[in-house]
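Hi everyone, thanks for making time. I'd like to walk you through a few spots in a structure that's new to most of us, so let's get it up on the screen.

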Amino acid sequence: MIFRMSRGTAITREVSPALGACELTHLSRVPIDVELARAQHRQYEQALCDAGYRVQRLGTSEEMPDSVFVEDIAVVFDEIAIMTRPGAESRRVETPAIADVLRLHRPLHVIEAPGTMDGGDVLVAGRQVFVGLSTRTNDEAAAQLRSALEPFGYAVRTVIVRGCLHLKSAATALAADVVLLNPEWIAPSIFGGFSIVEIDPDEPAAANVLRLDDRILFPASFPRTAARIERRGFRLAIVDASEVAKAEGAVTCCSLIVAKFGP
């Protein structure tokens, strides 16, 4: 399904009927209401439309339980798109459909074996790119990413991820020079030169936000952190992401934002 808007394209993917069989690393498996997840996903897509993006939704199947989390399959920059090699082998079947869409927008670069990388481990803040070394992303993939991006003027550095699935479980960008983070999972000193907004300590999973052109997409489950962000002058669009959170997903996970250039 395509909603035609103008700021750029937001690539999404349907919620698989097998979402309950998703890969899990740090959470215990609990029942997931697939129909509720689909309803929340439609509201998420509507929030993207409301922000001015054309939403392009791809199909899924029972063989791709994690496929709603399209962020892990690619990382999109202004100049290039990086096709990752997901750390969970079961997810590599998701790659061809995403590549088919992205090659219409950007030149593609592919992470090759033995590199493994999930897009959730790649945090872009201005021309700084932080790569989380985690159970899903390794040094070899980070080195390949550095080689692909340095010609375009990006600086790439690695960060050890502990206590959570991905780097962006612990930190995301509110602006090119402002980072939201959980200081229990990532030391603020990692982001020297950035302004830091810390999540409310009672909301440890609140550091994942989706930065859009003129607003921040933020999950409804974390009102105290939302208040902190709003006090810093950011405009929030609140969505319910409670069901994908049970699958270790969050708001960045469910879309790939491809900025539009020109008229």
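**A buried glutamate, a hairpin and a helix**

Let's start with one contact: the backbone nitrogen of Asp33 lies 2.9 Å from a polar atom of the Glu243 side chain. Keep in mind that this is a predicted model.

So where does Glu243 sit? It's in helix α6, which covers residues 242-245. And is Glu243 buried or exposed? Its relative accessible area is 5%, and the cut-off for buried is under 20%, so Glu243 counts as buried. Its side chain also makes a polar contact with the side chain of Lys246, at 3.0 Å. Leaving out residues up to four places away in sequence, Glu243 touches Ile32, Asp33, Leu36, Ala37 and Gln40.

Okay, over to the hairpin. Strand β7, residues 122-125, pairs with strand β8, residues 128-133, in the antiparallel sense, over four bridges. Ala125 stands opposite Gln128 in β8. Two residues separate the strands, and Gly126, in that turn, has a positive phi of about 65 degrees.

Last stop, helix α3, residues 139-149. Its buried residues are Ala141, Ala142, Gln144, Leu145, Ala148 and Leu149. Look down the axis of α3 and they fall within an arc of 160 degrees, so they line one face of the helix. Why does such a pattern make sense? An α-helix has 3.6 residues a turn, so residues three or four places apart point the same way. Turned away from the buried side of α3 are the exposed residues Asp139 and Ser147.

And what covers the buried residues of α3? The cover includes our hairpin strands β7 and β8, along with β5 (81-83), β6 (108-110) and β9 (155-160).

Methods
Residues are numbered from 1 along each chain as its sequence is written. This is a predicted model: local features need pLDDT of at least 70, side-chain atom pairs count only at pLDDT 80 or more; totals for chains, interfaces and linings use all residues. Side-chain values use heavy atoms; hydrogens and water are left out. Two strands pair if DSSP finds at least two bridges between them. Buried means under 20% relative accessible area, exposed over 50%, partly exposed in between (1.4 Å probe, protein chains only). The arc is that of the directions from the helix axis to the C-beta atoms. Contact means heavy atoms within 4.5 Å. A polar contact is a pair of N or O atoms within 3.5 Å; within protein, one must be able to donate a hydrogen and the other to accept it, and residues adjacent in sequence count only if both atoms are side-chain atoms.
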